[in-house]
Amino acid sequence: MAAAAELTLLEKSLGLSKGNKYSAQGERQIPVLQTNNGPSLTGLTTIAAHLVKQANKEYLLGSTAEEKAVVQQWLEYRVTRVDGHSSKDDIHTILKDLNSYLEDKVYLTGYNFTLADILLYYGLHRFIVDLTVQEKEKYLNVSRWFCHIQHCPGIRQHLSSVVFIKNRLYTNSQ
């Protein structure tokens, strides 16, 4: 999904009805937002953080200094590791690492839903939707997290719902 489309989804999920206009620049199609009163903003995470502040939902950026740092870490991970990496091996490495990380967490920061969860959900959707049942079971923690995020009010919107089976079918999927 193009970054501009993701930012439009984010706007709606934040309750913003502005309908900002986005453009893309360069080979990697980096999103650009022309603001009404000031310089244009460039980059998915920069624009997303701006939209969160516009919606007065700063808690999505983290509540403590540590949580804010973790949110930034995952936003950077989204842009550097997930975007532009579409080979099967890249995706399976990302899912394996994320699966280990989420082993003892509900959300990426632990127990609080943040912008990092939203943007990583959007970034991974196109890959998760194509996983087989066996692959979803192999990445059980990612599947649990993903299923939870897609059911958060307003997040999924027009994206297809990914079905997860509650009963394990494969015993040796690790």
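**Exercise 1. Two cysteines**

Does Cys152 count as buried or exposed? Then work out how many disulfides there are, and why Cys147 has none.

*Solution.* This is a predicted model, in which local features need pLDDT of at least 70, side-chain atom pairs count only at pLDDT 80 or more, and totals for chains, interfaces and linings use all residues. Residues are numbered from 1 along each chain as its sequence is written, and side-chain values use heavy atoms, with hydrogens and water left out.

- Step 1. Fix the scale: buried is under 20% relative accessible area, exposed is over 50%, and partly exposed is in between (1.4 Å probe, protein chains only).
- Step 2. Place Cys152: its relative accessibility is 14%, so Cys152 counts as buried.
- Step 3. Place Cys147: with a relative accessible area of 24%, Cys147 is partly exposed.
- Step 4. Apply the disulfide rule, a pair of cysteine sulfur atoms within 2.5 Å. The closest cysteine sulfur to that of Cys147 is in Cys152, 10 Å away, which is too far for a bond. Cys152 is in no disulfide either.
- Step 5. Count: there are zero disulfides by this rule.

**Exercise 2. The salt bridges**

Find how many salt bridges there are, and say which residues are joined into one network.

*Solution.*

- Step 1. State the rule: a side-chain nitrogen of Lys or Arg lies within 4 Å of a carboxyl oxygen of Asp or Glu. The count comes to three.
- Step 2. Take Arg78 and Glu6: their closest N and O atoms are 2.7 Å apart. Arg78 is in helix H3 and Glu6 in helix H1, so this pair ties together parts 72 residues apart in sequence. Helices (H or I, at least four residues) and strands (E, at least two) are DSSP runs, numbered from the N terminus.
- Step 3. Check burial: Arg78 counts as buried at 3% relative accessibility. Glu6 is buried too, with a relative accessible area of 2%.
- Step 4. Add Asp83: Arg78 meets Asp83 in a salt bridge of 2.6 Å, N to O. Shared partners join Glu6, Arg78 and Asp83 into one network.
- Step 5. Finish with Lys105 and Asp104, whose closest N and O atoms are 2.9 Å apart. Asp104 counts as exposed, at 53% relative accessibility.

**Exercise 3. A buried charge**

Which side chain of opposite charge is nearest to Glu67, and how far away is it?

*Solution.*

- Step 1. Locate Glu67: it is in helix H3.
- Step 2. Assign charges: Lys and Arg count as positive, Asp and Glu as negative, while His and the chain ends are not counted.
- Step 3. Search: the nearest side chain of opposite charge is Lys68, 8.5 Å away. Glu67 is buried yet has no salt bridge.
- Step 4. List its contacts (heavy atoms within 4.5 Å). Leaving out residues up to four places away in sequence, Glu67 touches Leu61, Gly62, Thr109 and Asn112.

**Exercise 4. The sheet**

Determine the strand order of the open sheet and describe the surroundings of Val32.

*Solution.*

- Step 1. Recall the pairing: strands of a sheet pair through backbone hydrogen bonds, either parallel or antiparallel. Two strands pair here if DSSP finds at least two bridges between them.
- Step 2. Read the order: the three strands run E1-E2-E3, with antiparallel pairing. Strand E1 (22–25) and strand E3 (41–42) are the edges, each pairing on one side only.
- Step 3. Look at E1 and E2 (residues 30–33): four bridges link them. Gln25 has Ile30 in E2 as its bridge partner.
- Step 4. Inspect the turn: the E1–E2 hairpin has four residues between its strands, and Gly26 there has a positive phi of about 75°.
- Step 5. Turn to Val32, which lies in E2. Val32 counts as buried at 11% relative accessibility. Beyond four places in sequence, its contacts include Tyr22, Leu41 and Ile47.

**Exercise 5. The nonpolar core**

Which helix gives the largest share of the largest nonpolar core?

*Solution.*

- Step 1. Define the core: buried Ala, Val, Leu, Ile, Met, Phe, Trp, Tyr and Cys residues joined through side-chain atoms within 4.5 Å.
- Step 2. Size it: the largest core has 52 residues, and those with the most contacts inside it include Leu10, Ile128 and Trp145.
- Step 3. Find the contributors: elements giving two or more residues include helix H1 (3–13), helix H5 (115–128) and helix H7 (140–150). H5 gives the largest share, 10 residues.
- Step 4. Follow Ile128: beyond four places in sequence, its contacts include Leu95, Val142 and Phe146.
- Step 5. Cover H7: its buried residues include Val142, Trp145 and Phe146. Among the elements over them are H4, H5 and helix H6 (133–138).
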